[in-house]
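Biologist: I should like a close look at the side-chain contacts in this model. Please take the charged pairs and the aromatic rings together, and set out how each contact is defined.

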Amino acid sequence: MSQEDDLSLSKLESACSGLISVLQAAIKMEDSLEKMDKRFALIDERLSTTSKRVAPLHSLAVAAKALETRINRAVSSALVLLDTFRTSQSLQTKILEVSSKLSAGEKPKKRLKLLLKYVDCVDKLNAAINTISQDGEPVIQKLQEVVEFLSRTKATDQYRARRLRETLVTLKSLYETEVDAMKFDGLLDEALLILQDQYEGILQQLNHRNIGESVGDDEDDDDGKADNSHLGSGMEIVILRRISETLASNDCLDICIDIFVKVRYRRAAKTLMRLNPDYLRTYNPEEIDEMEWENLETAITFWIQHFELAVRIVFLSEKKLSNQILGGIMDGVVWLECFVKIADKIMAVFFRFGEGVARSNKEPQKLFKLLDMFDSLEKLKKEFSEIFEGEAGAGICTRFRELEKLLVHASTKVFWEFGLQIEGNSDGLPPPQDGSVPKLVRYAINYLKYLATKSYSAPMAKVLRTEQIWKAGNLSKPETDENLLNDAITNIMEALKRNVESKRSRYTDKVLPHVFAMNTYWYIYMRTRNTELGTLLGEQYIKQKYKVVAEESAYMYQRQAWGPIVRLLEKDRDIKRQGSMHDNYEVISNVALVRGKMESFLKGFDDISQRHNNYAIPDADLREQIGEATVKLVVPAYAKFLELYGSLLEFEGVECLGPESIKELLANIFSGRDRVGDRKLKRRDRTLGLGGSSMSVDGETKDFRRSISNTSDL
């Protein structure tokens, strides 16, 4: 245990000794801290004194820093503005150089490249001037703030402050004058004038190609249309578009539009003038009525061709050009209006002529040209509405629709008035004195045949349907086109038949009405069957209405003309044959009766022959077959008569004509000259039923000439 106590005591002594050392060190440290505290107090006192002495210098340093910031901000902006001025000066020099090269008359391709370079320089100069105009005032304002700050802070003396203010006023005045000069009186203004001249010059060079060759072509191929629809090369279009945008960005949009519209209108007008449209000078309905029909017909044909060419080629090209050049200005609002301005006056001239034709006198021959005009507009309607689209083209499209309405009204009025003219002609001119086919019938049948062709039946039906819809309203259910046209033409045919019957009833001669009816109805039937008109009316209809009546008239002709003399040749019970007579008195009596019959027959025959000189059967085959039927009617009866009573005539010593002589006389009667110059065109299976015999009748296929302006019956 004693060892452990010793060890503990030793540790305690060691700890005591350590504590004494720590206490001593703490005392020393306390002394050091007291000394240090005195030193800090001395330093603090010195710092306070120093701070009081340095405070004015700090204020000056802050002011100097603020002044430096303001000066740097103003000077940096001013330096940028000066750089812009230097750029504008270099651009002006470059513009002058390019301008001199342009004036030297370079080759076209090189000239276009120079012009594109010129436009680039003008755009950059304009951008520089705009920068100077926008940034100049803020720069001067910053410089003014600096001068005011110097004056307020007295960072400089009054003399220098006054000089700075005076310089600033002079700079501001000079800036305003210089910027205005650069914008309105400087090289930029001259450059814009040059661009306007170049713009107009290039626009004038963009011509429509092959326009003269386009007229007269029935169909243009797609490649031709594609070539004609583009004006100018790609480089020319790019330059014109750039110039347009440059002029627009320099407050010259009105001038740009004025130049574009004026030049392109003249080019389009001159292009169409190459077609020699002198007919467009005549547009008043009264003046059109005074034109010769051949001239008017030719004018309308040209109008249709030129109108189509103007829309599909000239104005389509002009629209594309307007879009290519002006499409990027004002978000594409301007170009369509400019195009419509170009087309408006030219289209007005075309519309004016079309309206004049539609409002002129409603003569029958005009129907086909009116239908041609209407059909042409119908085919163009979709393209027309696409070309003259939007609000800008609404006026032209409205006038297009109005012209279509006028053509519909004019066409239907001409058609219905044609029927009324036929109906009203019943008490007009007298019937043909020779029983031939009236000119009115010839004209009307050929007129309706031409109307029933594919070229005109569809437009006419559409015109009739359109008129019916306008009258009955859109909610009505119009008839089919075929029914409408069938009903309309049937009405004309019925009016024509009433006209023929009216003329037929005015003859005083007993035979002539039947000759007239036979000629007329057979003409109508033969010219109608196997045609589009016959198909439209129906074979059964034309047979019942015309063939049957013609056959009945032929039968009545034979009955009235030759029946009386044929009846004279019939066997008479009062006349006996020579072998059965008992005395001379009876023989002499019978001879007298036979001789009387023969003389009456020959006198009647001669009378009919003389009357036939005033009759006409224009159709050669009809005339031939009527003659053959008459021979079959008369010659056998005459031969039978001679067989029965020829011996009595020989007993009396009377010389009689033989059957062959009668046949020859009949042949001479029916072989008269062709009174109307018909041509023989042999046709098969065209026979006229007449009693027990039949007569084949040829037809006349004569092209209907629409250029006939009138007939004696109309």
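Modeller: The account below moves from salt bridges to aromatic rings, and then to the surface and the loops.

The model is predicted, so local features are reported only at pLDDT of at least 70 and side-chain atom pairs only at pLDDT 80 or more, whereas totals for chains, interfaces and linings use all residues. Residues are numbered from 1 along each chain as its sequence is written, and side-chain values use heavy atoms, with hydrogens and water left out.

A salt bridge here is a side-chain nitrogen of Lys or Arg within 4 Å of a carboxyl oxygen of Asp or Glu. The whole structure holds 25 salt bridges. One of them joins Glu 383 to Arg 312, with 2.9 Å between the closest N and O atoms. This pair links distant parts of the chain, since Glu 383 belongs to helix α12 (residues 366-387) and Arg 312 to helix α10 (residues 293-326), 71 residues apart. Helices are DSSP runs of H or I with at least four residues, strands are runs of E with at least two, and both are numbered from the N terminus. Exposure is graded by relative accessible area: buried means under 20%, exposed over 50%, and partly exposed in between, with a 1.4 Å probe and protein chains only. Glu 383 is partly exposed, at 27%.

Glu 355 forms a salt bridge with Arg 359, the closest N and O atoms being 4.0 Å apart. Both residues lie in helix α11 (residues 334-359), and their spacing of 4 residues separates them by about one helical turn. Glu 355 is buried, with a relative accessibility of 11%.

Arg 527 and Asp 619 make another salt bridge, with a closest N to O distance of 3.8 Å. Arg 527 lies in helix α17 (residues 512-528) and Asp 619 in the loop between α21 (584-612) and α22 (620-652), so this bridge ties together parts that are 92 residues apart in sequence. Arg 527 is buried at 2% relative accessibility, and Asp 619 is buried at 8%. In addition, salt bridges with shared partners join Glu 378, Lys 381, Glu 404 and Lys 462 into one network.

Arg 623, in helix α22, is buried at 12% relative accessible area. Its side chain reaches the backbone oxygen of Pro 618 at 3.5 Å. A polar contact is a pair of N or O atoms within 3.5 Å; within protein, one must be able to donate a hydrogen and the other to accept it, and residues adjacent in sequence count only if both atoms are side-chain atoms.

The aromatic rings come next. Rings of Phe, Tyr and Trp (its six-membered ring) pair if their centres lie within 6.5 Å; planes under 30 degrees apart count as stacked, over 60 as edge-to-face and the rest as tilted. The count by this rule is 28 aromatic pairs. Among them is the stacked pair of Phe 339 and Phe 388, with 5.3 Å centre to centre and 20 degrees between the planes. Phe 339 lies in helix α11 and Phe 388 in the loop between α12 and α13 (394-424), so the pair ties together parts that are 49 residues apart in sequence. Phe 339 is buried, with a relative accessible area of 0%, and Phe 388 is buried at 2%. Both belong to one aromatic cluster whose members include Trp 303, Phe 307, Phe 350 and Phe 384.

Charges also sit over rings, which requires NZ of Lys or CZ of Arg within 6 Å of the ring centre and within 35 degrees of the ring normal. Lys 345 lies over the face of Tyr 265, 5.6 Å from the ring centre. The charged end of Arg 352 sits over the ring of Tyr 283, at 3.7 Å from its centre.

Two loop residues complete the account. Most residues other than glycine have a negative phi. Asn 276, however, has a positive phi of about 55 degrees; this residue is in the loop between α8 (253-273) and α9 (285-290), and is exposed at 57% relative accessibility. Asn 530 likewise has a positive phi, near 60 degrees. Asn 530 is found in the loop between α17 and α18 (532-537), and is exposed, with a relative accessible area of 59%.
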